[in-house]
Amino acid sequence: MSGCGCGQSPSAIGGCQPCKPACPPVACPGPQPCEHCETIPLRDSAPYRVAATASSTDPTPYYTIANTHAALDPVVVRTILNSGTGTFPADDGTHNGQHTWLAGVVHIDPASLRGEPSDVTIGASVHVHNDGPNTACQLYGRFALWNGTTPIRTDLLGPPDLPAGGDDNGVIPPTTVPLADVLAGKVVVELNLETGNDDACRVGPKQWTVDSFVLTVQASAPGCGRPFLRTTCRNCEGAVTCTTDTLDGSTPYAAVPPVIPVASCQDGCTTACPPCLSTDRGNALTRGSDGCLYVPDTPALDPSPCNAARNTTGGLLVPRIGLTGIAPGGNTGIERSVDIDVTGTPGCPERWDIGARLTPVSGFLNAERQHANLQARAGTDVPIPESDIVLPEAGVYHIDSDVRYALGSATGGSGYIIGWLRDETADTLLTSFTQIAAINAAGQEQQGGTTHIMTEYTVASGPRTVRLHLMFVLTGGKISDAEAGGTDSNGATRMRFLKVRD
């Protein structure tokens, strides 16, 4: 429903709009993957100008200096208060006076008021020129604001001892007064200037030219200030990425809160405007460009039996999704190669933090046995069951083996030892034959060492058993020692595997 009596025409909610430039004229920081922006006219609460005038009135209630009761000609007063130029004539001695006075009642046009302000702010300025022939004595006048018979602002004119030909400006700073008192005609602007011979200085009379009188009245009410444009950009999740206020789409403007849509206030600018809307992503209410508030339509649900969402009397119901992962600290072992962490964070809507850690399955084995006697089984495939490693699941594995051997001849001979890795489960050869050691001795010779076999192997399903196989081949003479695949005082046969990817 609308918050300001407008018809139902809710704007679309959701969906990824085409990417647009960042809010003008201030660019959003960083690249925006997808963004939609809306510009709406608003009005803030900045003080606004109220139409005001001042009219001549009897200055007698505002005399505060003894023996200075000279009133300026009302015709000249009207000219000055209408921003014209008037003269305060020099005293001719008839009133034994030193100052001449003017007073003007402040009037405002009620039609220029917006909203329901209780106070207004009044300020004024005026320019004065000492026509001479004499210097003014010390501080020579006053520019004041009165409410009834109470002075609420009294600013003395200076600089002191202004010479003939000198200029000065009187200023009444912005002063807050009750609106009711202004409407009742109680607020008065008063100006007095020294025009006679001052008793203290004995400087003689002087004349003043007064002009450039300006009266400024301002008022303020919520949402009744300056109209401006606000551009708000959101990403596809609905989060605000940037907000820019301008006067005309390009000139930056600092809005004075509170801010209210123009359309909701109309020309009368009443204070009964719609409330501000939260920018929280959980807020389903939207405000259209017409200033009205809208709620989303009830969504149409796909009747597919795979759709778990359903409408209920309490609203749209979406079943809780149960997410599981390996408990903290349980990320090692042969169960899996990637550890999924799922943490529920309370909120509305509830948020899930999902992370992953690589925890590859691996294994290591020392063949704790004596070397197999390959010489006794020359030319024969000799399996080494003590080398068995088990690949637990499907994936790609890095497999390597350190094969320890001993090979020698007492009288001279030649031959070699070869080795390979085999998938015993699938009866598949993992590696081609690798030479472990070779000898070609004319006399006595003994060798011992370690040779490396390495391969990468893809397993479609697990578990799979991988085993080392060895063979000795005699090529001439007599070999007295050919053995491998076990552990001796100088090393061991080892098997290692590491899953590198699924």
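Q: Why is Arg467 called buried?
A: In this predicted model, Arg467 has a relative accessible area of 18%. Buried means under 20%, exposed over 50% and partly exposed in between, with a 1.4 Å probe and protein chains only, so Arg467 counts as buried. Residues are numbered from 1 along each chain as its sequence is written, and side-chain values use heavy atoms, leaving out hydrogens and water. As the model is predicted, local features need pLDDT of at least 70 and side-chain atom pairs pLDDT 80 or more, while totals for chains, interfaces and linings use all residues.

Q: What makes the contact of Arg467 and Asp388 a salt bridge?
A: The term requires a side-chain nitrogen of Lys or Arg within 4 Å of a carboxyl oxygen of Asp or Glu. The side chains of Arg467 and Asp388 meet at 2.7 Å, N to O, and therefore satisfy this definition. Arg467 is in strand E30 (residues 464-477) and Asp388 in strand E24 (residues 382-391), 79 residues apart. Strands (E, at least two residues) and helices (H or I, at least four) are DSSP runs, numbered from the N terminus.

Q: Why is Asp388 called partly exposed?
A: Its relative accessible area is 24%, a value in between the two limits, so Asp388 is partly exposed.

Q: How do you know that Val77, Ile80 and Leu81 are on the same side of H1?
A: These three residues of helix H1 (residues 74-81) are buried. They cover an arc of only 95 degrees around the axis, which puts them on the same side of H1; the arc is that of the directions from the helix axis to the C-beta atoms.
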